[in-house]
Amino acid sequence: MFWPMLAIALGFLGIAVLGVLAIKVFLEVQRLGRQVARTTERINQAAEELETAATGLARTGETLR
């Protein structure tokens, strides 16, 4: 009777450990998603600034002709 109870306890413990690890992975994926979103916003902002600067530079080049 001891071995079946030990097997059940170890099985439950294994499932509990997997659950804790799954929660940790989920939280890290959420954190990574937020970081990717912030980085995407920064890249888009930099692209807009570059486009604005390029437009101004093109206008300056046209006035030099």
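**Close-ups of a one-helix chain**

**View 1. Glu28 and Arg31 sit three residues apart in helix 1 (residues 2-64), which puts about one helical turn between them.** This is a predicted model, and here the pair makes a salt bridge, with 2.9 Å between the closest N and O atoms. A search of the whole structure turns up just this one salt bridge. Neither partner is tucked away: Glu28 is partly exposed at 43% relative accessible area, and Arg31 is partly exposed, also with 43%.

**View 2. Phe2 and Trp3 pair up edge-to-face.** Their ring centres are 5.2 Å apart, and the planes meet at 70 degrees; anything over 60 counts as edge-to-face. The structure holds one aromatic pair, and this is it. Both Phe2 and Trp3 are exposed.

**View 3. Zooming back out, the chain has one helix and zero strands.** Its radius of gyration is 28 Å, while the globule rule gives 11 Å for 65 residues, so the chain is more spread out than a compact globule. The C-alpha trace spans about 95 × 10 × 5 Å along its principal axes.

**View 4. What does the surface of the chain look like, in numbers?** The accessible area is about 6,200 Å², and carbon and sulfur atoms account for 70% of it. As for burial, 0% of the 65 residues count as buried. On the charge side, the chain carries 7 positive and 6 negative charges, and the mean positions of the two sets lie 9 Å apart.

Definitions and conventions: Residues numbered from 1 in each chain as written. Predicted model: local features only at pLDDT ≥ 70, side-chain atom pairs only at ≥ 80, totals over all residues. Heavy atoms only, no water. Helix = DSSP H or I, 4+ residues; strand = E, 2+ residues; numbered from the N terminus. Rg over C-alpha atoms; globule rule 2.2 N^0.38 Å. Buried < 20%, exposed > 50% of the residue type's maximum accessible area, 1.4 Å probe, protein only. Areas by Shrake-Rupley, 256 points an atom, 1.4 Å probe, with all protein chains shown as cover. Lys, Arg positive; Asp, Glu negative; His and termini not counted. Charge placed at Lys NZ, Arg CZ, Asp CG, Glu CD. Phe/Tyr/Trp six-rings, centres within 6.5 Å; stacked < 30°, edge-to-face > 60°. Salt bridge = Lys/Arg side-chain N within 4 Å of Asp/Glu carboxyl O.
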